[in-house]
Amino acid sequence: LWQQRWLAGGEMAQQLDWWRAQLGEAPRLLRLPTDRPRPALQRHRGARLTRELGRLRVDELQQRARERQATLFMVLLAGFQALLARWTGEEDLLIGTPVAGRGRSEFEGLVGFFINTLVLRGDLRGNPTLGEIIGRVRRTALDAYAHADVPFERLVEVLQLPRDPGRTPLFQVMFNLVPMPAAPLNIIYEDNHLL
């Protein structure tokens, strides 16, 4: 009931306006190089390739994050954006990421699935250094977290995007860091297409 009232209130409209400004003119397609044409319909088949980052490497990355007042997620996302920019030649990227959806203290004790998806826009214009990319990712992520209450489905509906059954709306690549003792790096590919 609270969420329904909130969705109908002014805060939702303000957050939607922010998302419209962030994503209104964003590119709708990320052209990843693949070894064969993309299927017309998503098959949702894939596999996972896992590589572990050693403890020393994770410590180095965390130190880089502290130096930039960022998180490990932000540093790794910056590197991922730089890699995607190199693969695709694109300087304006949309990447999805899941968030916990428990931004209010009242939600902490509740049982249930609160996950939402955010769209993070990567700006790699001007040939930035990795440090500059980390700074841009940090600003983008913090702003997106501050506007994370809009359900992804509502955002897609409001933006009135043309739908393509072969692609997800808004982004084709998703990034997620799952904290684990060895901090594995997962590269996921779909239908034999490296993502």
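Two strands pair if DSSP finds at least two bridges between them. Keep that cut-off in hand for the exercises on this predicted model.

**Exercise 1. Lay out the chain.**
Find how many helices and strands the chain has, and in which pattern they follow.

*Solution.*
Step 1. Count the elements: the chain has six helices and six strands.
Step 2. Read along the sequence. The pattern is α-α-β-α-α-β-β-α-α-β-β-β.
Step 3. Look at burial. Of the 195 residues in the chain, 38% are buried.
Step 4. Look at contacts between residues at least 6 apart in sequence. Of these, 75% join residues at least 24 apart.

**Exercise 2. Build the sheet.**
Work out in what order the three strands of the open sheet stand, and which of them are at the edges.

*Solution.*
Step 1. Take strand E2, residues 92-99, and strand E4. They pair in the parallel sense over two bridges. Two bridges meet the cut-off of at least two. In this pairing, Ile-95 stands opposite Val-173 in E4.
Step 2. Take E2 and E3. They run antiparallel, and eight bridges join them. Here Leu-93 stands opposite Gly-122 in E3.
Step 3. Put the pairs together. The order is E3-E2-E4, and the pairing is mixed.
Step 4. Find the edges. E3 (116-123) and E4 (173-174) each have a single partner strand, so one side of each has no neighbour in the sheet.
Step 5. Check the cover on E3. Six of its eight residues are buried, which leaves E3 mostly covered.
Step 6. Add a helix. H2, residues 10-23, lies across E2 and E3 and runs at about 40° to E3.

**Exercise 3. Find the core.**
Name the residues that touch the most other members of the largest nonpolar core, and the element that gives the largest share.

*Solution.*
Step 1. The core holds 49 residues. Trp-19, Leu-23, Leu-77, Leu-84 and Leu-170 touch the most other members.
Step 2. List the elements that give two or more residues. They are H2, H3 (55-67), H4 (72-88), E2, E3, H5 (130-146) and H6 (152-159).
Step 3. The largest share comes from H4, with 10 residues.
Step 4. Follow Leu-77 outward, leaving aside neighbours within four places in sequence. Leu-77 is in contact with Ile-95, Leu-120, Val-137 and Phe-175.

**Exercise 4. Place Gln-81.**
Decide whether Gln-81 is buried or exposed, and list what it touches.

*Solution.*
Step 1. Locate the residue: Gln-81 lies in helix H4.
Step 2. Its relative accessible area is 2%. Buried means under 20%, so Gln-81 is buried.
Step 3. List its contacts, not counting residues up to four places away in sequence. Gln-81 touches Leu-93, Ile-95, Gly-122, Leu-124, Ile-133 and Val-137.

**Exercise 5. Test helix H3.**
Compare the expected span of H3 with the distance between its end C-alpha atoms, then find where its buried residues lie.

*Solution.*
Step 1. H3 has 13 residues. At 1.5 Å a residue, they should span 18 Å.
Step 2. The end C-alpha atoms are 18 Å apart, which agrees.
Step 3. Val-58, Leu-61 and Ala-65 are buried in H3. Seen down the axis, the buried residues fall within an arc of 65°, so they line one face of the helix.
Step 4. An α-helix has 3.6 residues a turn, so residues three or four places apart point the same way.
Step 5. Turn to the face away from the buried side. It carries the exposed residues Leu-56, Arg-66 and Glu-67.
Step 6. Ask what covers the buried residues of H3. The cover includes H4.
Step 7. Move past the helix end. Just after H3, Gln-69 takes a positive phi of about 50°.

**Exercise 6. Read helix H6 through Val-158.**
Show which residues Val-158 touches, and which residues of H6 are buried.

*Solution.*
Step 1. Val-158 lies in helix H6. It is buried, with a relative accessible area of 17%.
Step 2. Not counting residues up to four places away in sequence, Val-158 touches Leu-16 and Arg-20.
Step 3. Compare sequence with space. Val-158 and Arg-20 are 138 residues apart in sequence and 8.5 Å apart in space, C-alpha to C-alpha.
Step 4. The buried residues of H6 are Phe-152, Leu-155, Val-156, Val-158 and Leu-159. They fall within an arc of 165° seen down the axis, so they line one face of the helix.
Step 5. On the other side of H6, Glu-153 and Glu-157 are exposed.
Step 6. The cover over the buried residues of H6 includes H2 and E3.
Step 7. Gln-160 follows H6, and its phi is positive, near 50°.

Conventions
Residues numbered from 1 in each chain as written. Predicted model: local features only at pLDDT ≥ 70, side-chain atom pairs only at ≥ 80, totals over all residues. Heavy atoms only, no water. Helix = DSSP H or I, 4+ residues; strand = E, 2+ residues; numbered from the N terminus. Contact = heavy atoms within 4.5 Å. Axes fitted to C-alpha atoms, helices over the stretch in contact; angles between N-to-C directions. Core = buried A, V, L, I, M, F, W, Y, C linked by side-chain atoms within 4.5 Å. Buried < 20%, exposed > 50% of the residue type's maximum accessible area, 1.4 Å probe, protein only. Expected span 1.5 Å × (residues − 1). Arc of directions from axis to C-beta.
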